Amino acid sequence: MHFPCAHGRTSTSRTTPSKSRCYLPLVMQHLKSALLEAPSEVGGVAGRWALFIDIDGTLLEMAPTPDAVVVPPNLIGMLDALSQRLGGALALSTGRSVAEADRILAPLKLITSGVHGTEVRASPSGETTVLVQPTSASLLKEIMEVARASPDIIVETKGAGIAVHYRKVPELRPYLEAELGRIAALRDTIVLRPGRRVLEVLPKGYSKGAGLASLMRAAPFKGRLPIMIGDDYGDESALAIAEELGGVGLRVAGEYFPPERADFSGVVATRRWLARVAGVEAYSDDLPAFQPADA
Ligand SMILES: [Mg+2]
């Protein structure tokens, strides 16, 4: 890919050139500001944009445990409207499994890249394809041994990944990082990836960025410009790929991105912007959910 630069030459580096040398970041910043100020443009120009959204810390507030997340009553309807507005070019990009994403957003099913790109469902009604073998029993056993340090450490197995949540015992992070790092270093097929109060053991070569790039190669995403929204270290690869493909990466402030580096102040601001993209101007997190008459 060639990047136009201020000095009149082009760079063939796959890495985005520095701000001081090239126009590209300025162009990207202008595009980003325009989209943030006029979200209706994203949904209003047919076939132009595709949206990729992280779940935890981006769409939903973080909770003490992964199961404890709260889904606002009107979020499901808003996401459904958003998908329709974008001609179906809406995908979740999450560290959760596809099945878990379905469970918390039921009955809505969206195109989903799950467990950091190691599984994918390329259409809402399609089958989930698992791209990597599940983690081995011996690896899980070693990690469970490490987690015995505290009953407040939660080990979550999810397909090709194992997440070790330490939200209730943050003081144990150095211990967990050292021990899980040691386990990962003994195998050349896995990596240890930090997240928000979680350390994840994941297969090498897979990421949210690779998952986004893969989805962008086919309908309904092909030919569109990707917008990735995320809040954490694990989203960095997808934010970078979205920008490399000519789209935009939008960052949500929280434990990872400080406010001055973020485009949204938090989950609520992100949802409000998404609602405006969807054309649901009256959206509110506080509105009661629609109840059928016979409920
Ligand atoms: Mg997140």
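Among contacts between residues at least 6 apart in sequence, 54% join residues that are at least 24 apart. That figure comes from a predicted model, and it covers a protein of 295 residues, 40% of which count as buried. As for secondary structure, the chain has nine helices and 13 strands.

One helix pair gives a good place to start looking. Two packed helices are described by the angle between their axes and the distance between the axes. Here the pair is α5, spanning residues 137-147, and α6, spanning residues 173-185; their axes come within 10 Å and cross at roughly 165 degrees. An angle over 145 degrees counts as roughly antiparallel, and α5 and α6 are therefore roughly antiparallel to each other. The crossing of α5 past α6 is right-handed. On the α5 side, the contact is made by E142, I143 and V146, while α6 brings in L176, E179, L180 and I183. Sorted by character, the residues of this α5–α6 contact come out as five nonpolar and two charged, with no polar ones.

Next come a few spots where the backbone does something less common. Most residues other than glycine have a negative phi, and most peptide bonds are trans. Two peptide bonds leading into prolines are cis. The bond from A106 to P107 is cis, with omega near 10 degrees, and P107 sits in the loop that runs between α4 (98-105) and β5 (111-114). Further along the chain, the bond from A219 to P220 is also cis, with omega near 0 degrees. P220 belongs to the loop between α7 (208-215) and β12 (225-230).

The loop between β5 and β6 (119-121) is worth a look too, as it holds V115. V115 is not a glycine, yet its phi is positive, at about 45 degrees. H116 lies in the loop between β5 and β6 as well, and its phi is likewise positive, near 55 degrees, again in a residue other than glycine.

Are these two loop residues, V115 and H116, buried or exposed? A residue needs 20 or more other C-beta atoms within 10 Å to count as buried. V115 has 28 such atoms within 10 Å, so V115 is buried. H116 has 31 C-beta neighbours inside 10 Å, so H116 counts as buried too.

How values were computed:
Residues are numbered from 1 along each chain as its sequence is written. This is a predicted model: local features need pLDDT of at least 70, side-chain atom pairs count only at pLDDT 80 or more; totals for chains, interfaces and linings use all residues. Axes are lines fitted to C-alpha atoms, for helices over the stretch in contact, and angles run from 0 to 180 degrees between N-to-C directions. Helices (H or I, at least four residues) and strands (E, at least two) are DSSP runs, numbered from the N terminus. Angles under 35 degrees count as roughly parallel, over 145 as roughly antiparallel, 65 to 115 as roughly perpendicular and the rest as oblique. A crossing is left-handed if the near helix is turned anticlockwise from the far one by less than a right angle, and right-handed if clockwise. Two residues are in contact if their C-beta atoms, placed from the backbone, lie within 7 Å. Ala, Val, Leu, Ile, Met, Phe, Trp, Tyr, Cys and Pro count as nonpolar, Asp, Glu, Lys and Arg as charged, and the others, Gly among them, as polar. A residue is buried if 20 or more other C-beta atoms lie within 10 Å of its own, exposed if 12 or fewer, and partly exposed in between; C-beta atoms are placed from the backbone.
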